[in-house]
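Subject: The structure for you to look at

Hi,

Here is the structure I wanted to pass on to you. Have a look first, and then read on for my notes.

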Amino acid sequence: MSPSGEKATAAGVYDWFLGGRYAGEADIEAAIASQRAFPVLARTVLYNRQFLQRVVRYLVGQGVRQFLDLGSGYPSSGNVHEIAQELEPGARVVYVDHEQGTVDVGREILAGNPDATSILGDVRDPEGVLNHPEVGELLDFTEPVGVLMIAVLHFLPDTAEAARIVRRYVDHLAPGSYLAISHGTYAAGARELANQTATNETYNRQVSESAYTRTFAEIESLFAGTTLVPPGLVLATEWHPEDPAHEHDEEDEASAVLAGGVGRVDPRG
């Protein structure tokens, strides 16, 4: 916690790791402390952003033209609207965050972009998000939507409750929609696991949103109601890598603690 007593936010910490300019003093302190505990954390954050960008490119390639980004943080540093609208002008994006300050900055960033906005909402309140008037103005849920839950579900401590929340979003989606999730998972080695645990403890002491790690099986349970598209739930770096020859380096701690996958909503029988 900073000397002023201010607590860092997940959005601010994430933005600092990505080289953004919106992190406050408490965010920077928390980011540096977490990085000291787990030196590859900055690279993990980068891998997470790269996963998001590959997902958006994939979904646009599948015909998706509208996106709901839950727990988005600041819409900067190569975010959804930039990727989607470069590939498909007119693609529509709604960013959702539960911090008013983050939303205010997001609206400033997106001023003048009629096809993207940032709204105040909580991933834990699907009805509140889905019934928000600005969501209804930009997104048509009778058509495919890409719902992005990128590094957000690890803020929900109860896996069964997290799965129920995700399913409420999925049940609102038209066939041909997609759900993308990235989530922290457990490192393989004892030393790496100890470092990761220390990082979580450091992070949770200083950041207003506590983070929780899950196993692959627990993360896969969050995709209920969808069909995982190949290659399924994998390390995020292994999901449609830019380099087809990419192979996971077992020594890459930054890669080994981040899982990612995409599920497709099929016609309901």
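Below is what I found in it, going from the whole chain to single residues.

One thing before the rest: this is a predicted model, so please read everything here with that in mind.

**The chain as a whole**

The chain has 269 residues, and 54% of them are buried. Its secondary structure consists of eleven helices and eight strands. If you take the contacts with a separation of 6 or more, 75% of them are between residues 24 or more positions apart. The accessible surface adds up to about 11,500 Å², and carbon and sulfur atoms hold 51% of that.

**Two helix crossings**

Start with α1 (residues 10-17) and α2 (residues 25-37), whose axes come within 8 Å and cross at roughly 65°. That angle falls in the 65 to 115 degree range, so α1 counts as roughly perpendicular to α2. The crossing is right-handed. On the α1 side you will find Gly12, Val13, Trp16 and Phe17, which meet Asp27, Ile28, Ala30, Ala31, Ile32 and Gln35 of α2.

Ala30 is worth a click while you are there. This α2 residue has a relative accessibility of 1%, so it counts as buried. Its C-alpha atom is 6.6 Å from that of Ala8, with the two positions 22 residues apart along the chain.

Then go to α3 and α4, where the axes come within 9 Å and cross at roughly 30°. Angles under 35 degrees count as roughly parallel, and α3 and α4 are therefore roughly parallel to each other. The contact involves Leu52, Gln53, Val56, Arg57 and Val60 from α3, and Val80, Ile83, Ala84 and Leu87 from α4. Here too the crossing is right-handed.

**What covers α4?**

Helix α4 spans residues 80-87, and its buried residues are Val80, His81, Ile83, Ala84 and Gln85. Which elements cover them? The cover includes α3, along with the strands β1 (66-70), β2 (92-97), β3 (116-120) and β4 (146-150). Val80, Ile83 and Ala84 are buried, and they also appear in the contact with α3.

**The aromatic residues**

There are five aromatic pairs in the structure. The one I would open first is Tyr58 with Tyr178: the ring centres are 6.2 Å apart and the planes are at 90°, which makes the pair edge-to-face. Tyr58 sits in α3 (residues 41-61) and Tyr178 in strand β5 (residues 178-184), so this pair ties together parts that are 120 residues apart in sequence. Tyr178 has a relative accessibility of 5%, so it counts as buried. Both tyrosines belong to one aromatic cluster, together with Phe51 and Trp239.

**Backbone spots to check**

Most residues other than glycine have a negative phi, and most peptide bonds are trans. Three places here go the other way, and I would look at each of them:

- Pro230 to Pro231: this peptide bond is cis, with omega near 10°. Pro231 is in the loop between β6 (227-228) and β7 (234-235).
- Ala151: phi is near 50°, so positive in a residue that is not glycine. The residue lies in the loop between β4 and α8 (159-170), and at 18% relative accessibility it counts as buried.
- His240: phi is positive here as well, at about 45°, and this is not a glycine either. His240 is in the loop between β7 and α11 (253-256). Buried or partly exposed? With a relative accessible area of 32%, His240 is partly exposed.

**One more loop residue**

Last on my list is Ala211, in the loop between α9 (190-206) and α10 (216-221). The relative accessible area of Ala211 is 16%, so this residue is buried. What lies across from it in the chain? The C-alpha atom of Leu153, 58 residues away along the chain, is 8.6 Å from that of Ala211.

Let me know what you make of it.

Best wishes

Terms used: Residues are numbered from 1 along each chain as its sequence is written. This is a predicted model: local features need pLDDT of at least 70, side-chain atom pairs count only at pLDDT 80 or more; totals for chains, interfaces and linings use all residues. Side-chain values use heavy atoms; hydrogens and water are left out. Rings of Phe, Tyr and Trp (its six-membered ring) pair if their centres lie within 6.5 Å; planes under 30 degrees apart count as stacked, over 60 as edge-to-face and the rest as tilted. Helices (H or I, at least four residues) and strands (E, at least two) are DSSP runs, numbered from the N terminus. Buried means under 20% relative accessible area, exposed over 50%, partly exposed in between (1.4 Å probe, protein chains only). Contact means heavy atoms within 4.5 Å. Accessible areas come from the Shrake-Rupley method with a 1.4 Å probe; for residues, only the protein chains shown count as cover. Axes are lines fitted to C-alpha atoms, for helices over the stretch in contact, and angles run from 0 to 180 degrees between N-to-C directions. Angles under 35 degrees count as roughly parallel, over 145 as roughly antiparallel, 65 to 115 as roughly perpendicular and the rest as oblique. A crossing is left-handed if the near helix is turned anticlockwise from the far one by less than a right angle, and right-handed if clockwise.
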